[in-house]
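Welcome! Have a look at the model below, and then let us walk through a few of its features together.

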Amino acid sequence: MESKLFTPKAIGPLTLRNRTIRSAAFESMCPGNSPSKELLSYHHSVAAGGVGMTTIAYAAVMQSGLSFDRQLWMRKEILPGLREVTDAIHKEGAAASIQLGHCGNMSHKSICGVTPVGACTGFNLYSPTFVRGLRENELPGIAKAFGESVLMAREAGFDAVEIHAGHGYLISQFLSPYTNKRKDSFGGGLENRMRFMDMVMEEVMKAAKDDIAVLVKMNMRDGFKGGMELEESLQVGKRLVKDGAQALVLSGGFVSKAPMYVMRGAMPIKSMAHYMDCWWLKYGVGLAGGMLIPTVPFKEAYFLEDALKFREAIPEIPLVYVGGLVSREKIDEVLSLGFEFVQMARALLNEPGFVNRMRQEEKARCNCGHSNYCIARMYSIDMACHKHLEEKLPDSLESEISKLEKQWEN
């Protein structure tokens, strides 16, 4: 069967030049919660490398939705900077998307300016911090902020938005029985737990009109006992179709509870601790990080089995496969199984021109070694592949990275 990889395909009103999308992996390139030249340079390199669309990661729809201090916060004053980024992407023939979300309880007052909020009151070890449960009368305002952010995305020149409803962020916190213990009409059974998502999507679709594509990233499973499982997630996916979503990005995992279910492999704990400024956090991560962030074995296309169940159950709209794609052979296989698009992050960090190379080589495979060094460092500075650093890493980190990469060699 002829490959679909380099054929055009539409998502709502938008047609991409090929089936590849740079997924919205957090770049940590936005000091002051604003776009930087570093952010522009990276996404320009991916666009020049042949991708169909590149997605700027996690832009908080309001200040309380910030989880990192080097994360975008959608507001009018950053739109000229974002327009520079989208112009650079468009000049290379790629489309530009931006992921919009609210982190909910995964923040700290020092970052988001308030006591973090979530579906329920509690304590979050991720930060660590106390969390205030949102009042019912606050939810329409947050939903409206999503819609306002879509309007700003259009003004900044984006062709698409990706609403983040997965990974344990705010919408996901309402959907999951693990984080939603509410006793009001937004808690309990799945129908109630979807109400906040419905409210957000109503505002998003109203703002998107018919000239900006709307994708939604969602969990197929939360990745741990007591979280959402496939049966409920399939119902969420079907509801999102009714809500107007024009494509679903099929992912899984909770960043605060099961981070390696999202990313797979091991977290390089020494590297993670090395870049942390806070002495007690550095010490704590170095001492107990391996227990708090357990390894989940990596394999190519690790979400494919679950994603195929979504493909069977939801034929109406394009589905985007994401998770562990590093070779053209596997990408061709995924597309042949009925998925309209594929997303990649680490492969395009390792090799921004990977899509162009796949056009030339049927057996093309990126050089990512799956050490997750890029993830370990992004929480403190920027997301970068260790193979492209100008500085020499300490011997202890080099040793850790080498050990992990040998572990995942074919």
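Leu125 sits in the loop that links strand 8 (122-124) to strand 9 (129-133); strands are DSSP runs of E with at least two residues, helices runs of H or I with at least four, numbered from the N terminus. This is a predicted model, where local features need pLDDT of at least 70, side-chain atom pairs count only at pLDDT 80 or more, and totals for chains, interfaces and linings use all residues. Residues are numbered from 1 along each chain as its sequence is written, and side-chain values use heavy atoms, leaving out hydrogens and water.

Is Leu125 buried or exposed? Its relative accessibility is 70%, so Leu125 counts as exposed (exposed is over 50% relative accessible area, buried under 20%, partly exposed in between, with a 1.4 Å probe and protein chains only).

Now to the inside. The largest nonpolar core (buried Ala, Val, Leu, Ile, Met, Phe, Trp, Tyr and Cys joined through side-chain atoms within 4.5 Å) has 120 residues, and Ile98, Ile163 and Leu248 have the most contacts inside it. Apart from that core lies another, with Ile11 and Val320 among its members.

| Core | Residues |
|---|---|
| Largest nonpolar core | 120 residues |
| Another core | 14 residues |

Finally, meet helix 7 (residues 195-208). Its 14 residues should span 20 Å at 1.5 Å a residue (the expected span is 1.5 Å times one less than the number of residues), and the end C-alpha atoms are 20 Å apart, which agrees. Among the buried residues of helix 7 are Phe196, Met201 and Ala208. After helix 7 comes Lys209, with a positive phi near 55 degrees.
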